[in-house]
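Q: Could you take me through the largest pocket of this model in some detail? I would like to know what lines it, and how the elements around it are arranged.

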Amino acid sequence: MSVPITADRENEVVQAAPTQLFIDGEWRDARRGRTLEVFDPSTGRVLTRAANASPEDGWDALKAAEAAQKGFERTPPRERAEMLMNAFRLMHERKDDLALLMTLEMGKPLAESYGEVNYAAEFFRHFAEEATRISGGYQTAPAGGSRFLIHKQAVGPSILITPWNFPLAMGTRKLGPAIAAGCTSVLKPAELTPLSMLALADILREAGVPAGVVNILVTSSAGEVIEPLIRSGIARKLSFTGSTPVGRRLLEQCSEKVLRTSMELGGNAAFVVFEDADLDKAVEGAVLAKMRNSGEACTAANRIFVHSQVMDEFSQKLAERLGRMKTGRGVDEETAVGPMVDARQRDKVAELVEDAVRSGAKVVLGGEPAAGEGYFYPPTVLTGVPEGARMWSEEIFGPVAPLTPFDDEKEVIDRVNDTEYGLVNYVFTESLNRALRVAEQVESGMVGINQGAVSNPAAPFGGIKESGLGREGGDTGIEEFLETKYIGIAM
Ligand code: NAD
């Protein structure tokens, strides 16, 4: 990692990356010969072109998954576990290429890409271990006369849809449990960042995953390609990670054939700093909760509530800390904040900041998009952001920290809960009692106490309210891909 990345090295990794569709164990072009451009957001330049699927390719992929399902669900769990462990090891062997490819197509700093490769691979190790622990039950009916046999079996072919912000980990978080449970799948990565998932397909093939078990469809016509597949009823499961509006539409489509669904949707996390918090710890927590992935994370702190007694000190320390973070191309070692993924995302961040400033917020740091090539927005701290400002209710998805004061515990809990989202919240206080009291009352699937990150493959990740349905990771992740069958046996 300490060796500087040269332009030749960037080209070599991009040239070596697969760009075709991966269907039924084969690499192939899209049937209509369509391709799409993949950009480097730090320069705005085209990196390469990837095959761009049409509905016919979608059908091929789903038919391949359907054909492979019966055989795959009968493979011994240990074999499925070995496939995942092989893939885990191959990801580590190829981490330099995977990390660089991710930085080039998505923009995040290289150190964070290495972190994501590691995090993504951990889902394979975790679910390799889970694959061999799928259990059931056996009991006598309470009134006698019958025995219950409880059997867990694969849900069936699954459609997996992932966003651009974590191009590898959002895929392995679904593929790990699907493979462990014995489900085949059609995975559609985001069109902005298809290369990481295509590189993973190659790894899965080498790891021994049979043809048809994992199929990767890249397309710029997501709705047109995916909707008929969902409505066909051939797939029995949809696992989606993305925005709430798209998730809502997909839930409607799934209702027709009553598909099992897992929905990892948007967030509007609050980050609460009480007057008794260790402020240095809180600042570091806020840096992580806000700046991980340059703020382009569903778990990003979107609303920062600071007790008025410590507001001045906290805001100065945070601005000082964020002011030291260098914005630049992710491949440069000093870079701490990469570009936004595209011009649209950068312009949205700029628009939300302008709206907050117009509504009365004060800019303490940053506040203007960077000029020049690439889609950069610098770290920004705003104080006195009024609750009517758009960024209070919309995901910012950028390196902007909006601060607002509070005075009372009950008041802040009500304000934290005043959103339709419920993914994660963060609480900083040195009082254990208060930390647990607040954690119990905030409406979210996850809470970080004195820590600015909650993602862990061994923990159940997910939201409540309009942030989603179901959990990924932990010991519940595999359940999302298993059906429970009860077999009654007469005595
Ligand atoms: P998005 O909803 O625009 O897209 C997500 C995926 O859905 C992409 O692959 C996209 O091509 C696909 N898609 C879009 N329209 C579709 C349609 N009609 N049919 C089928 N597929 C369709 O989201 P995004 O901009 O890629 O990602 C950012 C969003 O994802 C944010 O809201 C973020 O909070 C959320 N997210 C949530 C989690 C979580 O675990 N809760 C994790 C990461 C990101």
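A: Here is a close look at the pocket, followed by the elements beside it and the other empty spaces.

A word on the ground rules: the model is predicted, so local features need pLDDT of at least 70 and side-chain atom pairs count only at pLDDT 80 or more, whereas totals for chains, interfaces and linings use all residues. Residues are numbered from 1 along each chain as its sequence is written, and side-chain values use heavy atoms, with hydrogens and water left out.

The search runs on a 1 Å grid over the protein atoms alone: a pocket is an open set of points with protein on both sides within 12 Å along at least five of seven lines, a cavity is a set where a 1.4 Å probe fits but cannot get out, and lining residues have an atom within 4 Å of a point. Grid points are joined across faces, edges and corners, and a volume is the space filled by probe spheres set on the points.

The largest pocket has a volume of about 1,200 Å³. Its lining has 41 residues, and W164, G242, S243, V246 and R344 lie nearest the centre. By class, 18 of the lining residues are nonpolar, 10 polar and 13 charged (Ala, Val, Leu, Ile, Met, Phe, Trp, Tyr, Cys and Pro count as nonpolar, Asp, Glu, Lys and Arg as charged, and the others, Gly among them, as polar). Domain 1 (7-265 + 467-488) and domain 2 (269-456) each give at least three residues to this lining; the domain bounds come from an automatic or database domain assignment.

Now to the elements, where helices (H or I, at least four residues) and strands (E, at least two) are DSSP runs numbered from the N terminus. At least two lining residues come from each of α8 (222-232), β10 (237-241), α9 (244-256) and α12 (343-358). The largest share, 7 residues, belongs to α9.

Two of these helices, α8 and α9, pack at an angle of about 35° with their axes 7 Å apart (axes are lines fitted to C-alpha atoms, for helices over the stretch in contact, and angles run from 0 to 180 degrees between N-to-C directions). With contact taken as heavy atoms within 4.5 Å, E227, I230 and R231 of α8 meet L250, Q253, C254 and E256 of α9. That contact has 3 nonpolar, 1 polar and 3 charged residues.

α12 leads on to a sheet. Its 7 strands form an open, mixed arrangement in the order β14-β15-β16-β13-β12-β17-β18, where two strands pair if DSSP finds at least two bridges between them. β14 (362-365) and β18 (446-449) are the edge strands, each pairing on one side only. Neighbouring strands are turned by 25° against each other on average, direction ignored. α12 packs on this sheet, touching β14, β15 and β16 (400-406), and its direction makes about 25° with that of β15. β14 and β15 (residues 380-383) run antiparallel, joined by 3 bridges, and L365 stands opposite V381 in β15.

For context, the second largest pocket has a volume of about 520 Å³ and is lined by 30 residues, with P109, A111, E112, N293 and A336 nearest its centre. Both domains give residues to the lining of the second largest pocket, so it lies between them.
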